Amino acid sequence: MASLQAASDVTEAFDSAARWGRIREALKAEFGPRTFSSWLSELTFVGIDHDTAVLNMPTAFKADWVRSHYVERLRLLWGAGGSPVRNVRIESGVRTVSAVPDAQHIEASEPVVGNPAESASRQQAASDPDAQNAAVLNPRYTFEAFVVGKANELAYGAAKAVAEGGDITFNPLFLHGITGIGKTHLMHAIGWEFRRRDPSAKVVYMSAEKFMCEFLAAMRAKDTLSFKRRLRTADLLLIDDIQFIGGKESTQEEMFHTMNEIIAAERPLVISADRPPQDLDGIEARVRSRLAWGLVADINPAEYELRLNILNEKLTRMGFESNALVSEEVVDFLARKVTGNIRELEGALNRVIAYSKTRGSAIDVATARQVLSSVLRSHSRRVTVDRIQREVAEFYHIKLSDMLSARRARDVARPRQIAMYLAKRLTPRSLPDIGKRFGGRDHTTVMHAVKRIEELRAGDGELSADIERLERIIDC
Ligand SMILES: Nc1ncnc2c1ncn2[C@@H]1O[C@H](COP(=O)(O)OP(=O)(O)OP(=O)(O)O)[C@@H](O)[C@H]1O
């Protein structure tokens, strides 16, 4: 690893590796053995690069997942206890040589971090299959902990209605919105409330990816019956991130029959995705139409006020009511500056808290700015495909969903091509990755769009000026 500082000091390397061993144990205790083995067990420690812990995941897909779901937690664990590590970088690709002693074989010698109640309930789940469905629900994701604002009030209201049972007029409930915005939180909240009202109810929560893996494993083992029975007998079925089954035909077929059976039995079904049903490319028309049958509720990016309320709610829940560690000014600063999604907002808050705890006193805005410099820098610099899609859609007065849709009319196809072109120019994403974010299109479509816009720009001053204007909007 040329970019890494040489681990010349074996003791130092060993210390970091031992630390990684303890962090792995903490993660396992915190997230439970099942989540750990699905998402975190393959993560290996590569080395320390200045103030950054470098970790590796064998596949790009899982690396992406860890980046979007666990990196803040990893950063906090690495940075705890006065450690000089401030950042965590997740690389992908199979690594055969370890730059440091193999951390995975080092026993945890310090107490693990994690919620003991959660660990206990997970341990119980491991030996009690009936308890497993409840155990996958995150205890933090309740309605009480969900802050409502304009951006999510429709989804919240619908989720409450499902959870409270009674006579709902829609089924399924389809929740959609960009990553890190509260879809999973709401689904778990429905599960908790449903079970609170009827402790004997069978609540099944599953990510679509897990649905696929378990179904394919059951097919391979020629035992799909128990899989089918487990899902189809649910009193409440929650399927998260359904976009992942795009293109997987046998899984879609099974999903379709499962949905039909649950709906026909008038038992509630809740589905989530990163986009509305009609834009789920790679998913059969009959499945899409079934998904849109009930109520489709979107969750929009939080506005300033909601971001502020969420931060205050989190602080209260953590027992920081008196603002002893995080002042009102710092909360306001975070709400104004961290505008991406709620996961990022939480991450920034956790960093500020961790830093204040290390110092033993509240910090001011200037220090918060410093502590978050890498987050804020990457935030202001980081142009995302989502952001490009939003700005281009607004600029050309088309619907955001048309960026992902299959519509070929010129008035939407051209802005979509421009957005692809800008995604290639302004983000580090690869062509296949960009294609995936434009409704699962092939990389050749993106390549064609980039070429086409380059050609048009060369001969069309007006288009070229529009693109420059867009670049300025997106860049600021
Ligand atoms: N309105 C809210 N109030 C309180 N916390 C929230 C709210 N919205 C999101 N969060 C928090 O933000 C984090 C990310 O939310 P969540 O995991 O539900 O996102 P998601 O939309 O399911 O993302 P993904 O599509 O990546 O799975 C969670 O910790 C959740 O508790």
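User: Which residue of β3 is the bridge partner of N56?

Analyst: The bridge partner of N56 in β3 is E91. Please note that this is a predicted model. A second pair may be read beside the one just given: L55 has I90 of β3 as its bridge partner. In general, side chains in a regular strand alternate between the two faces of the sheet.

User: In which sense do β2 and β3 pair, and over how many bridges?

Analyst: Strand β2, residues 52-57, pairs with β3 in the parallel sense, over 6 bridges. The pairing of β1 with β2 is antiparallel and comprises 5 bridges. Within that pairing, G47 stands opposite V54 of β2.

User: How many residues lie between β1 and β2 in their hairpin?

Analyst: There are 2 residues between β1 and β2 in the hairpin. One residue in the turn, H50, has a positive phi of about 55 degrees.

User: What is the strand order of the open sheet of 3 strands?

Analyst: The order is β1-β2-β3, and the pairing is mixed. The edge strands are β1 (44-49) and β3 (87-92), each of which pairs on one side only. On average, and with direction ignored, neighbouring strands of this sheet are turned by 25 degrees against each other.

User: Across which strands does helix α2 lie?

Analyst: Helix α2, residues 60-69, lies across β2 and β3 and runs at about 160 degrees to β3. Helix α3, residues 71-79, also lies across β2 and β3, with an angle of about 130 degrees to β3.

User: What is the order of the open sheet of 5 strands?

Analyst: That sheet has the order β5-β6-β7-β4-β8, with parallel pairing. The strands β5 (203-207) and β8 (295-298) stand at its edges with a single partner strand each, so one side of each has no neighbour in the sheet. Here the average turn between neighbouring strands is 15 degrees, direction ignored.

User: How many bridges join β4 to β7?

Analyst: Strand β4 is joined to strand β7, residues 269-273, by 4 bridges, and the two run parallel. One residue pair can be located directly: H176 has A273 of β7 as its bridge partner. At another part of the sheet, helix α8 (residues 208-220) lies across β5 and β6 and runs at about 90 degrees to β5.

User: Which backbone torsions deserve inspection in the loops?

Analyst: Two cases may be examined. A cis peptide bond joins N171 and P172, with omega of about 5 degrees. P172 is placed in the loop between α6 (153-163) and β4 (173-176). The other case is D241, which is not a glycine but has a positive phi of about 55 degrees. Its place is in the loop between β6 (236-240) and α10 (249-264).

User: At what angle do α17 and α18 pack, and how far apart are their axes?

Analyst: Two packed helices are described by the angle between their axes and the distance between the axes. In this model, helix α17 (residues 385-395) and helix α18 (residues 410-426) pack at an angle of about 145 degrees, and their axes are 9 Å apart. The crossing of α17 and α18 is right-handed. On the α17 side the contact is made by V385, I388, Q389, V392 and A393, and on the α18 side by P415, I418, A419, L422, A423 and L426. By class, this contact of α17 with α18 has 10 nonpolar residues, 1 polar residue and no charged residues.

User: How many residues surround the ligand, and which are the closest?

Analyst: The ligand is surrounded by 20 residues, of which T179, G182, T184, H185 and I342 are the closest. The elements that give two or more residues to this shell are α7 (183-197) and α14 (342-359).

User: What classes of residue does the shell around the ligand have?

Analyst: The shell has 7 nonpolar, 8 polar and 5 charged residues. At least three residues of the shell are drawn from each of domain 2 (120-298) and domain 3 (304-381).

Notes:
Residues numbered from 1 in each chain as written. Predicted model: local features only at pLDDT ≥ 70, side-chain atom pairs only at ≥ 80, totals over all residues. Pairing = 2+ DSSP bridges. Axes fitted to C-alpha atoms, helices over the stretch in contact; angles between N-to-C directions. Contact = placed C-beta atoms within 7 Å. Left-handed = near helix turned anticlockwise from the far one by under 90°. Nonpolar A, V, L, I, M, F, W, Y, C, P; charged D, E, K, R; others polar. Near = placed C-beta within 6 Å. Domains from an automatic or database assignment.
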